[in-house]
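Reader: Hi! I'm new to looking at protein structures, and I'd like to walk through one with you. Could you bring it up?

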Amino acid sequence: MKKLGLLLMGLLLGAALAQAQTLRVSGTVTGAEDGMPLPGVSVIVKGTTIGTATDMDGKYTLNVPSDAQVLQFSYIGYATQEVALAGRTNGASIDVVMQSAAEEMEEIVVTGYGVVRKSAFTGAASAIDGEKLGKTTSTNPIKALEGNVTGMTMSQFSGQPGAPTTIFIRGRNSLNSGTQPLYIIDGVPMEATAQGMRGDEGIEISPLSSLNPDDIESMTVLKDATATSIYGSRAANGVIVITTKQGKKGTFKVNATAKWGLDMMPIIPKSYRMVNAQQYLELKGEALINDDYATTMEDAIDFFYAAALGTTKDDPYWNADTDWLNELTRRGFNHEYSLDISGGGAESTSAKYFFSMGYLGNEAIVLGKGMNRLSTRLNLEQSPYKWLGYGVNTSISQTKISMGSSGGSFSDPITGAFLNSPLSPVKVDGEWNTKTLYGFNSVAARSEQGDKQQATQNRIIVSPHIRLNFTDDLFFVSRLGIDAYLLKEFGFWSMLGPDGPSYNGKGEQGATDIYMITNTNTLNYVKTLSDDHNVNLMLGYEAQRTKVEESYLSASNYAVDFLNDISLASKPTDAKTYQREQILQSIFFNGQYDFQNKYYLSASYRMDGSSRFIGKNYWSQFWSVGAKYRISAEDFMSSTEDWLNTLVIRASYGTTGNQNVGSGYYPSRGLAGFGYNYNGLPGIIPVQLANNKLTWEFTSKFNVGIDITLFDRVFITADYYNHQTKDMVFEVPISMTTGFANADYNIGQLQNQGVEMSLTTNIIKGDRLDWSITLNGSHNQNKLVKLSTDKPIEGELQTREVGRDIYSYKMKEWAGVDPETGEGLWYKNETGDETTNNYNEAAKRFVGIASPKFEGSFSSNLSFMGIDFSVLLTTSLGRKIYGDNLRYEEGTMGLFAPHTQWVYDNRWQKPGDKAKVPAMATGSYQAGLEETSSRYLMNGNYLKIKSISLGYNLPKSVLEPLHMQSLRIFAQAENLYTFHHKDFRGFDPSSVGANGIQFWNYPQARSFTLGLTIGF
C-alpha cells in the first residue's frame, strides 16, 4: 500500500512538472480587410514542428514549451506574422489580425513549370494579380497587361469583341516567322494563334477570348533568357504564364460578381469627322469654280447635280444630310456575371476545390456585331498521403461572335461610313437606299437581312497531374494537358452588301479544329543544406502533338435572301479540306543555387526536336545562365539598413528559339499537291521543294538589372537588355530549273536593345489610409543587321534596310501647299530643300519610324476606410503613324471624293493662304496628290486615360447581420480619353498596329461599368 501511494505521488508530481514546462495559449485569428475569422491558419512554434491550425471560426488552442520564444502565424494570401511569447502566462489569449499580402504576387515568380521565390529568381519578369484583372472590361483578358508590364508593346488593330491582340515583349524578334509569345495556362501550353477562314481580310478571332478573367489568379510575363530559355524553341518572343484560382485549405467561400455597362464610340477628333451636306456641296462647288465650270456657287451646285449625279437637288436619293458613322454605330451594352465556389478541408490530406461559372454578353458599338461567352471551370487538388498528390484543372467555354469585314475591305461598314456621300439617305420611302455613290449601303449591310459573319468557338482544356514525393526533398510531377479548340464559322454575302449581288448571294462555311496534347514530366530536388545552401534542381521530358483539321465550302445563287443556309444555294463554288500535324519533344534541365540568401546562380538547358525540320536540324539546343548578388545582405552594408532595405544586381545570358519559320507545318519537306488535272486525267504536282538546310531561328538574350528598396516604401527595378536574332528566315530567289522561284533560307539578323524601369512608392501606408503610385517606362530600339541580299526590301510605305529600324518609312516627302497657286509640293531630291509640284520628280526619303521611342504608364491606387480609387494612364512617344485611309478621306480631286473636316478647315482657297490642304479640283489637275507621301504621315504621340476604378467595401458591422463576408460596389471606366497631337486624324493613335499603318480600323470603345461582388 505504501508503494502504491508513492507511485501515485510520483505520477502527480510528474504531471505537475510537465504542466509547469508548457504554456497553454489560445486565441482567434481574423483578416484585417473584413475582420472575418480565418480558418486553416497555420500556428507553429517557430523553429519546431509543434503547431496546430485554426478551426472554422478562426480559433486555436496550443500547448507550447515554456522556453518557446516566438509563435508564427501563416496563411496563403496573407503576410506571415510572428508574436513574441516572452512574459506570457499559462492560459494567455493571443489574438492575431493578419494583413493581406498585397505584395504576395511579387514574392514568387510563376514560370509555368513551377514557382520560384522572387528572392532566388535571377531573371526578368513582371506579374499582375486578379485585382488588376478585375479592373478591365475587355473581352480579351490579356488586355489587362497593358500599362502594367514594362517592356511590352500591345496593339489591337480592331475593337471588335473577341479580336486578337498583338504583343511584342522587348521588341519584335523576327520578321517573317512567328512573333507572338508562348501562352502557358496552369503549366500547359495553349493555342493562342488568331483564327478565321477569312484571316487574310483581317476577320480573325483570338482563342484567348475564350478565357474568363474572373478565373485567373495571376499572369506573369517572362522576358529574359533565364526566365524563357527553359521553353526553348517557343520562347524567342517571351512567355506569358496564366495561373487560375485554386481552393484553399480550411475554407469555404462563395463569390458572386455582376457587371453592367455601356460601350460608346471614342471621342473622335473634329478633324476626322466627315463634312455635312452643306459643307460637302460647298467643296464640290468650289472645285467646279476653280476649274472654270461655273462662276457662282449656286450654278456650281446645279452643275454638280446635273453632270456628276445625273439628277436634281429635289431627288430624294440625293438631298439628305446623313452622318453615316452615326447611323452605323450605337450605344453598346455589356453585362457579365460570374459565380465561384472554393474551399477545402482543414486537414492537409483534404481535397481543395475551385468551381466557377461565368457569362458575358457584349452588344458592340457597330450594328450587327457582338459577342457572348459561357464558361465553367473546375480545379481540384488533393494530397491524401504524404507521398502522393494529384489534381485536375478543367475549363469548358463556348464563345459566339458576330463579326464583319475589317478596315480596308470595301465591305467593311466603317469603310462604307467614310466613303459614302452625306447627300445619300439611309432609306427612301422606308426602303434601303442602294443608289449611293458605290451602290453600297453600309447600314443596310449590317441589318438583319444583310451580310453575316458568325463564329462559334468551343474550347475544352483539361489538365490532370500527379505528384509523387519520394522523400521530403525529391519529388516527381507528371502533367497531361489537352487543349481542344473547335471553331465553326458561317458567312453570307447578302444582296444588301457590295459583293453579294454579283453572286446573287453567297454563303460560306468553315471549320477549324485544333487539338494540342502535351505531356510534361519533371523530377525535382529541393534541398536546404546547413541553413546556408539552397538547391533547386529540375530534370524534365516533354512531348507535344498538335493536330489541325480545316474544312471550307461555299455556294452561291440563292432563291431567297432570308434563308441563307448553304444547302439552299443552287451553285456550289468551292469545297476543300486540310489536315496537318506537328510534333515537338524536349529534354530540359533547370538548376538554382543560393548561398546565405546573398549569392544566387541559375542555369537551364533544353534540347528540342521538331517535326518541322529534317535531318541534322531536327534537334536544337538552348541554354541560359544567370546570377544575382544581394549586396544589401552583406555585413558591411549594415550601416545603411535604416534606409536601404534591398540592393540587388542581377545578370543573365542565354538562347531561345523560334520553330514557326517558313510556311505551314512542313517547311522543310518536299510536298506534292493532289486534285490537279492534266489532259483530262487526275494528277499530282510538286508544290514545295525539300529544304534540309532550313533550321530554327535563334535569339540570344542578355540582361542586366538592379532592384532597390528604400525606406520600405520606394521600390525601383531597372533593366538593360540586348537581343540578337540570327538565322532569320527569308525567301531567296533560286534557279527556275527547280520548278520554283523562291526557297526559304536562314540568313537574316535582327537586334533589339533597350531599357526598362519601374518605380513604386507607398506615399501613405496606414491601417485607414493607403496610397501608392507606380511609374513604368521602357525604350526599345531595333535594328536590322543582315538581310537576304545587300539590297533593301522596299515597300510602298516602309523600307527594310540594314542598319535601320524595321518600321522605317521611306516615301516622297511632302513640302506643303504653294501659297500662291494652291498646288501641292514635294521635296525634289533625296536631300536638300528644293521643291517640285511634279510628284514624279520627287525622290524618296526616310521620313520617320513607326516604333515608339518611349512607352510608359502611371498608376495610382488609393484606399481609405473601405473606399478604393485607382487610375491608370498610358503613353507612347516618338512614333509616326501613316494614315493610309486619308488618301481617300482627304481627297481634293474628283467630284465623288469624300471629305473630312480637316479638308474643309485647312484647304487652300485664295492666293496667299498658308494652307495644309491643296486647292479643290474636279479632276487630275495635279497628279500625285493622293499618292503615297508624307502628307499623310502623322505624329503618333499620345497620353491615354486607360482606366479609372472606384469601389466601396461595406464594413463588417453591416455585413455580419446579413451573414456576408464581403460586399463591394464599384464603378469602372475604360478607354476614357486620349490626348494626342492636333494633326492626328483617326479614332485613336493607341489602337494603330505596331507597323504604324492606320486604315479604317474598328474603333476601341469607351466602356462605363457598374458592378458588385458579394462574398459568403
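Reader: Let's start small. Which strand does Val428 lie in?

Author: Happy to help! Just keep in mind that this is a predicted model. Val428 sits in strand β24, which covers residues 427-428.

Reader: Is Val428 buried or exposed?

Author: Val428 is buried, because its relative accessible area is 7% and the cut-off for buried is under 20%.

Reader: And which residues does Val428 touch, if we skip those up to four places away in sequence?

Author: Val428 touches Pro316, Tyr317 and Asn433. Take Tyr317: it is 111 residues from Val428 along the chain, and the two C-alpha atoms are separated by 6.9 Å.

Reader: Cool. Can we try another residue? Where is Leu797 found?

Author: Leu797 is in the loop between β40 (793-794) and β41 (799-800). Leu797 is buried too, with a relative accessible area of 8%.

Reader: What does Leu797 touch, again not counting residues up to four places away in sequence?

Author: Its partners are Ser808, Tyr809, Lys810, Met811, Tyr882, Asp884, Thr932 and Ile997.

Reader: How far apart in space are Leu797 and Pro316?

Author: They are 42 Å apart, C-alpha to C-alpha, with their positions 481 residues apart in sequence.

Reader: Okay, new topic: the nonpolar cores. In the largest one, which residues touch the most other members?

Author: That would be Leu325, Ile414 and Phe987, in a core of 44 residues. Elements that each supply at least two residues of this core are α7 (324-328), α8 (413-419), β37 (714-733), β42 (808-812), β49 (880-883) and β50 (937-939).

Reader: Which of those gives the most?

Author: α8 does, with four residues.

Reader: What is Leu325 in contact with, leaving aside its neighbours within four places in sequence?

Author: Leu325 is in contact with Met265, Ile268, Arg273, Ile414, Ala417, Phe418 and Phe987. Besides this core, there is a second, separate one of 22 residues, which includes Leu283, Tyr305, Trp318 and Leu423.

Reader: You mentioned β49 and β50. What order do the strands take in their open sheet?

Author: The order is β50-β49-β53, three strands with mixed pairing. At the edges are β50 and β53 (997-998), each pairing on one side only.

Reader: How do β49 and β50 run, parallel or antiparallel?

Author: They run antiparallel, joined by three bridges. If you want a spot to look at, Ile881 stands opposite Met938 in β50.

Reader: There's another open sheet with β43, β44 and β45, right? Which of its strands stand at the edges?

Author: Yes, three strands in the order β43-β44-β45, with antiparallel pairing. β43 (814-817) and β45 (835-836) stand at the edges; each has a single partner strand, so one side of each has no neighbour in the sheet.

Reader: How many bridges pair β44 with β45?

Author: Two bridges pair them, and β44 covers residues 824-827. Tyr827 stands opposite Thr835 in β45.

Reader: One more strand, please: which residues make up the covered face of β4?

Author: Tyr60, Leu62 and Val64 are on the covered face of β4 (residues 59-65), while Lys59, Thr61, Asn63 and Pro65 are on the uncovered one. β4 pairs with β1 (residues 22-31) in the antiparallel sense over seven bridges, and Gly27 stands opposite Tyr60.

Reader: Last topic, holes! How many cavities of 30 Å³ or more does the structure hold?

Author: Eight. The largest has a volume of about 570 Å³, and the second largest about 280 Å³.

Reader: What lines the largest cavity?

Author: 41 residues line it, and Met152, Thr153, Met154, Pro852 and Glu855 lie nearest its centre. Strand β39 (769-786) is one of the strands that supply at least two lining residues, and β39 has the largest share, six residues. By class, the lining divides into 15 nonpolar, 20 polar and six charged residues.

Reader: And which residues lie nearest the centre of the second largest cavity?

Author: Those are Ser138, Thr139, Gly159, Gln1004 and Ala1005, out of 21 lining residues. That lining has five nonpolar, 12 polar and four charged residues.

Reader: Thanks, that was fun!

Notes. Residues are numbered from 1 along each chain as its sequence is written. This is a predicted model: local features need pLDDT of at least 70, side-chain atom pairs count only at pLDDT 80 or more; totals for chains, interfaces and linings use all residues. Side-chain values use heavy atoms; hydrogens and water are left out. A nonpolar core is a set of buried Ala, Val, Leu, Ile, Met, Phe, Trp, Tyr and Cys residues joined through side-chain atoms within 4.5 Å. Buried means under 20% relative accessible area, exposed over 50%, partly exposed in between (1.4 Å probe, protein chains only). Contact means heavy atoms within 4.5 Å. Two strands pair if DSSP finds at least two bridges between them. On a 1 Å grid over the protein atoms alone, a cavity is a set of points where a 1.4 Å probe fits but cannot get out, and a pocket is an open set with protein on both sides within 12 Å along at least five of seven lines; lining residues have an atom within 4 Å of a point. Grid points are joined across faces, edges and corners, and a volume is the space filled by probe spheres set on the points. Ala, Val, Leu, Ile, Met, Phe, Trp, Tyr, Cys and Pro count as nonpolar, Asp, Glu, Lys and Arg as charged, and the others, Gly among them, as polar.
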